[in-house]
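Reader: I'm used to gels and assays, not coordinates. Could you walk me through how to read a model like this?

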Amino acid sequence: MVALQDLTAPAQARTRGPLREFLGDFAAFIGRRGIHAGIFLLLGALLEGIGLLMLLPLLSVVIGAETGAGWLDGFTRWIVSMAPGATPFWQLAFLLLIFALLMAARSFVILTRDVALARLQIGFVESHRLRIIELLAHTRWDVVSRLRHGRITHVLGGDVQACGDAAQLTLQLGVAATMLAGQCILLFLLSPRLALLILGLLAAGMLALRPVLKRSREIGAGLTESNLHLVTSTSQFLGGLKLAISQNLQRGFVREFEETVAIVRARRIAFVRQRTGAQLALTALAAAVAALTLLIGIGVLVAAPSTLIAFLFILARMTGPAGQLQSGAQHVFHSLPAYAKVKELEAELGAAQSARPDNDRGPAIAPGPVEFRNASFAHADRPAQGEAGGVTDISLTIEPGAFVGVTGPSGAGKTTFADLLVGLYPPRSGSVLIGGSPLEGRTLGGWRNSISYVSQDPFLFHDTIRRNLLWANPEADEAALWQALALAGADTLVRRMAGGLEAVVGERGSLVSGGERQRIALARALVRRPALLLLDEATNAIDVAGEREILERLSRVPDRPTIVMIAHRQASLDLCERLIELDQGRIVRNG
């Protein structure tokens, strides 16, 4: 288990200054895509301003007062003069009709604008999610194998979604800022001096908001780390639940969850308290501004009643965009630590990219001899060749169709040998050749398309047996599936299960036994019709007699693939035509 304090300690240092990077990243993604949304954003603000200007003719007809501003009063008289009748009733009806048409047009523009903005926000989220998946698919295996699954899950889920929320809020901030700009222009048209007063108060409010934004980022950093810890704990809990229950140790998992959930709850409540306090302060400021505007407008500037009413109405409309700016800015800063996590993982994966095969999806290559020429490999955390897990100066040739056993004590280098064989790692020195060609580029891509690899703990999807088998070869027909199941000794098992091929095997095959899981995984490997079948302790959960039957069937298959079997059981190794024994990364027996 990972201590929460170990995760939260460096959080603040890792989240310094990501706002500029986030805005630059988002702007780069939007690019020309934002032109369409920007047009409708401006149209929405324009229609909002025209709708507010229509208040002046309406007030003129209702209360019979002018603003005192020459061009505004001229605009009012021009609009009223277009009414079909000279009576106040017809003038009011005409003005209300224009206002309704404006609102209908505004509704259409806002709908189109919001859909366009949603496309930008969703596209930004999915671009990061797909980028991480693409990077993961081509990251060196030694790096991938060290990554915590909980971290990947959290970044792809919660952190990327938080980036999407920040993107959406950034777009909403743009909408709110545009609306506020239009409303401020209207205020200047009504009374420049009162408008300057309003802008001064708004500027003071923005300065007062800076400490609040900083605190929002700090709370967001802590919450991001806590959520990561929660996801990691969940993964560990599910993975170790059977073992914990069998030993009555599950209380340790529950206690850790209680502690983490308590921290998450406290930080969420702190953010809600801070956000609500800022909103209440903004509401109080808006009320004070409205009162001050009324006092100065009447007592100092002697403004016309229609001007003051329109001014107060616009101020009331401004509280919505101003509140969005305040709340949105807090949420954006709250989400910045999650964005920093996403970029941190992207940079880490980007720096560990492996050479990509030239034909990832190309056809399998023709079978040829596999040749190791003085191949050596040592893992990064085990720099000395010959230490546990590496191989040193291996030279051997495996002919097509051979049935080869590989054995040796734990740490002898068997798994590293298998990883070099399938091209997960390139040798640090020496070479691996397939049919005389180095295992790289086009040869590597074709070779991987020719391999079936079955590990000791095979992975099965939480899906039907049919879907699990078809993953290896989507084009396989019903007969091919049953033939592979029969070779693996799993046909009787599947026929006995309720649903047959449509039976669900559970998460990682949890609804079947270990031996049954290995049989199904072996059948899936055979559906692929490989040139090389690599079995890494792939039948060790099957009883000795059952394993022998499977291996004997495989050895008699027409056009048998090359079979390389890593095993410890002597009964299994006795069926091999050739035995390779490794010890401390070196071949000590080959014959």
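Reader: Let's start somewhere specific. Which residues does alanine 45 touch, not counting residues up to four places away in sequence?

Author: Alanine 45 touches Thr178 and Met179. Before going on, keep in mind that this is a predicted model. Alanine 45 itself is found in helix α4, which covers residues 34-53. A handy way to see a fold bring distant stretches together is to set the gap in sequence beside the gap in space. Take alanine 45 and alanine 181: 136 residues apart in sequence, but 8.5 Å apart in space, C-alpha to C-alpha.

Reader: And is alanine 45 buried or exposed?

Author: Buried, because its relative accessible area is 14% and the cut-off for buried is under 20%.

Reader: Can you give me the overall picture too? How many helices and strands are there in the protein?

Author: The protein has 20 helices and 10 strands. Of its 591 residues, 47% count as buried. For contacts between residues at least 6 apart in sequence, 78% join residues at least 24 apart.

Reader: Now helix packing. How do people describe two packed helices?

Author: Two packed helices are described by the angle between their axes and the distance between the axes. Try it on helix α16 (residues 478-487) and helix α18 (residues 514-527): their axes come within 8 Å and cross at roughly 130°. That angle makes α16 oblique to α18. The crossing of α16 past α18 is right-handed.

Reader: Which residues of α16 and α18 meet there?

Author: From α16 you have Ala480, Leu481, Ala484, Leu485 and Leu487, and they meet Ala523, Leu526 and Val527 in α18. Sorted by character, the residues of this contact are eight nonpolar, no polar and no charged.

Reader: What about α18 and helix α19: at what angle do their axes cross?

Author: Roughly 5°, with the axes of α18 and α19 (residues 544-555) coming within 13 Å. So α18 is roughly parallel to α19, since angles under 35 degrees count that way. On the α18 side the contact is made by Arg519, Leu522 and Leu526, and on the α19 side by Gly546, Ile550 and Leu554. Those residues divide into four nonpolar, one polar and one charged. Leu526 of α18 turns up here and also in the contact with α16.

Reader: Let's do a polar side chain. What joins the side chains of serine 572 and glutamate 547?

Author: A polar contact of 2.4 Å. Serine 572 sits in helix α20 (residues 570-573), and with a relative accessible area of 1% it is buried. Leaving out residues up to four places away in sequence, serine 572 touches Glu547, Leu551, Met565 and Ala567.

Reader: Where does glycine 423 lie?

Author: In the loop between α13 (414-422) and β4 (429-434). Loops don't have to be on the outside, so check accessibility each time: glycine 423 is buried, at a relative accessible area of 10%. Setting aside neighbours within four places in sequence, glycine 423 is in contact with Leu439, Leu444 and Arg448. Its C-alpha is 9.3 Å from that of glycine 445, which is 22 residues away along the chain.

Reader: And arginine 467: buried or exposed?

Author: Exposed, because its relative accessibility is 52%. Arginine 467 lies in helix α15 (residues 465-470). The C-alpha atoms of arginine 467 and valine 504 are separated by 9.3 Å, with those positions 37 residues apart along the chain.

Reader: Last topic: backbone angles. Which sign does phi have at asparagine 374?

Author: Positive, at about 45°, although asparagine 374 is not a glycine. Asparagine 374 lies in strand β1 (residues 370-377) and counts as partly exposed at 43% relative accessibility. Glutamine 584 is another case: its phi is positive, about 55°, and it is not a glycine either.

Reader: Where does glutamine 584 lie?

Author: In the loop between β9 (578-583) and β10 (586-590). Glutamine 584 is exposed, with a relative accessible area of 55%.

Terms used:
Residues numbered from 1 in each chain as written. Predicted model: local features only at pLDDT ≥ 70, side-chain atom pairs only at ≥ 80, totals over all residues. Heavy atoms only, no water. Axes fitted to C-alpha atoms, helices over the stretch in contact; angles between N-to-C directions. Helix = DSSP H or I, 4+ residues; strand = E, 2+ residues; numbered from the N terminus. Parallel < 35°, antiparallel > 145°, perpendicular 65-115°, else oblique. Left-handed = near helix turned anticlockwise from the far one by under 90°. Contact = heavy atoms within 4.5 Å. Nonpolar A, V, L, I, M, F, W, Y, C, P; charged D, E, K, R; others polar. Buried < 20%, exposed > 50% of the residue type's maximum accessible area, 1.4 Å probe, protein only. Polar contact = N/O pair within 3.5 Å; in protein donor to acceptor, adjacent residues only side chain to side chain.
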